[in-house]
Every structure is written in C-alpha cells, then in structure tokens.
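Trainee: I'm new to this one, so please pick a single part and walk me through it slowly. After that, show me how the rest of the chain fits around it.

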Amino acid sequence: MKRDPICNMEVDEGKGITTEYDGEIYYFCSEGCRDKFLKEKSSKVPRTSYDLIIIGGGPAGLTAAVYAATLRMEAFLITMNLGGQAIDRQHKDRKLHGI
Ligand SMILES: Cc1cc2nc3c(=O)[nH]c(=O)nc-3n(C[C@H](O)[C@H](O)[C@H](O)COP(=O)(O)OP(=O)(O)OC[C@H]3O[C@@H](n4cnc5c(N)ncnc54)[C@H](O)[C@@H]3O)c2cc1C
C-alpha cells in the first residue's frame, strides 16, 4: 500500500492513480488529489496556509511539532533557536539536569 501525499489515504498500488514527478512515482486516491499535487508542485508561489503555526523552538514548540507530524498536519515552526532555554548559550549556568 502507498499513501496519497495530499489526503494521506492509503492507496492500493495496483488500483491507485499515479503520476511521476521528479523521477519518483506518486499514488493518489482520486484525480482531484493528483491535480492538487501537480498544482502545488508547479506553483512558484510560496505556501501561505498551514494546519498549524508554532512559535518557539523550545521543548513546548518542538513537542507540538512532533505531535503535529504524527497527526500528519502541515506545521510551520517559527523560532529564534532550536532547543529554547535548554540550549540557550547565553545562560552561564549550564546545570540543566535531565536535559
Ligand atoms: C538555568 C535554567 C536551568 C533549567 N534546568 C532545567 C532542568 O534541569 N530540567 C528541566 O526539565 N528544565 C529545566 N529548566 C526549564 C526548562 O528549560 C524550561 O521549562 C523549558 O525550556 C520551557 O520550554 P518552552 O518551550 O516552554 O520555552 P523556551 O524553552 O523558553 O522556548 C521558547 C522558544 O521561543 C523562541 N522565541 C521566543 N521569542 C520568540 C519570538 N519573538 N519569535 C520567535 N521565536 C521566539 C525562543 O527562541 C525559544 O526557542 C531550566 C531553565 C533554566 C533557565
């Protein structure tokens, strides 16, 4: 079984609608999903909509990003650093027990 990159439905390789893009074969549940995929791929305009926008790359933001990925949500993370206070080099006190 393959997964439709647009709706995430499982698609039977023998029955699904396919298209080749950039040397890779993609499988779709419907022509609508395939058309949406091709439209997104051919668009030069940057994406402006996401399921979730996360601000902050500390433990809270990274946890939200991981959960969003497991739910197959399209998430966009905005942060000034990855790790937050846990890796903030400005802290002279480096005793971050448990991290
Ligand atoms: C000295 C010290 C020791 C600690 N020791 C421990 C420990 O031993 N064990 C433990 O479990 N916890 C410890 N903590 C607490 C732990 O680090 C915090 O509870 C945890 O980091 C909070 O996570 P957070 O994601 O909520 O926020 P933060 O870690 O503060 O992350 C916030 C994120 O938001 C980003 N951000 C902020 N403003 C903006 C903006 N305007 N635009 C974009 N991004 C922005 C930051 O860059 C950062 O990535 C310690 C904290 C400190 C300061």
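**A close look at one hairpin**

Mentor: Let's start at Asp22, which counts as exposed because it has 6 C-beta neighbours inside 10 Å. The scale behind that word goes like this: a residue is buried with 20 or more other C-beta atoms within 10 Å of its own, exposed with 12 or fewer, and partly exposed in between, the C-beta atoms being placed from the backbone. Before we go on, keep in mind that this is a predicted model: local features need pLDDT of at least 70 and side-chain atom pairs count only at pLDDT 80 or more, while totals for chains, interfaces and linings use all residues. Residues are numbered from 1 along each chain as its sequence is written.

So where does Asp22 sit? You'll find Asp22 in the loop between strand 3 and strand 4. Strands here are DSSP runs of E with at least two residues, helices are runs of H or I with at least four, and both are numbered from the N terminus. The two strands form a hairpin with 2 residues between them, and Asp22 takes a positive phi near 55° there. That's a positive value in a residue other than glycine.

Now look at the two arms. Strand 3 and strand 4 run antiparallel and are joined by 5 bridges; for two strands to pair, DSSP has to find at least two bridges between them. One of the partnerships to look up is Ile17 with Phe28 in strand 4. Strand 3 (residues 17-21) is hardly covered, as 0 of its 5 residues are buried.

Strand 4 (residues 24-28) brings us to the core. The largest nonpolar core has 6 residues: Val11, Tyr26, Tyr27, Phe28, Cys29 and Cys33. Strand 4 gives the largest share of this core, 3 residues. By nonpolar core I mean a set of buried Ala, Val, Leu, Ile, Met, Phe, Trp, Tyr and Cys residues joined through C-beta atoms within 7 Å. Take Tyr26: leaving out residues up to four places away in sequence, Tyr26 touches Pro5, Thr18, Thr19, Tyr21 and Phe37. Touching, or being in contact, is when the C-beta atoms of two residues, placed from the backbone, lie within 7 Å.

There's another positive phi to find, at Asn8, with a value near 70° in a residue other than glycine. Asn8 is in the loop between strand 1 (2-3) and strand 2 (10-11), and it's exposed because 12 other C-beta atoms lie within 10 Å.

Let's step back to the whole chain. The protein chain has 2 helices and 6 strands, in the order β-β-β-β-α-β-α-β from the N terminus on. Of its 99 residues, 8% count as buried.

Further along, Ile53 lies in strand 5 (residues 52-55) and counts as exposed because it has 11 C-beta neighbours inside 10 Å. Apart from residues up to four places away in sequence, Ile53 touches Phe76 and Ile78. Ile53 and Leu77 are 24 residues apart in sequence, yet 6.0 Å apart in space, C-alpha to C-alpha.

Leu77 turns up again with Ala65 in helix 2 (residues 59-70). Setting aside neighbours within four places in sequence, Ala65 is in contact with Ile54, Ala75 and Leu77. Ala65 counts as partly exposed because it has 19 C-beta neighbours inside 10 Å.
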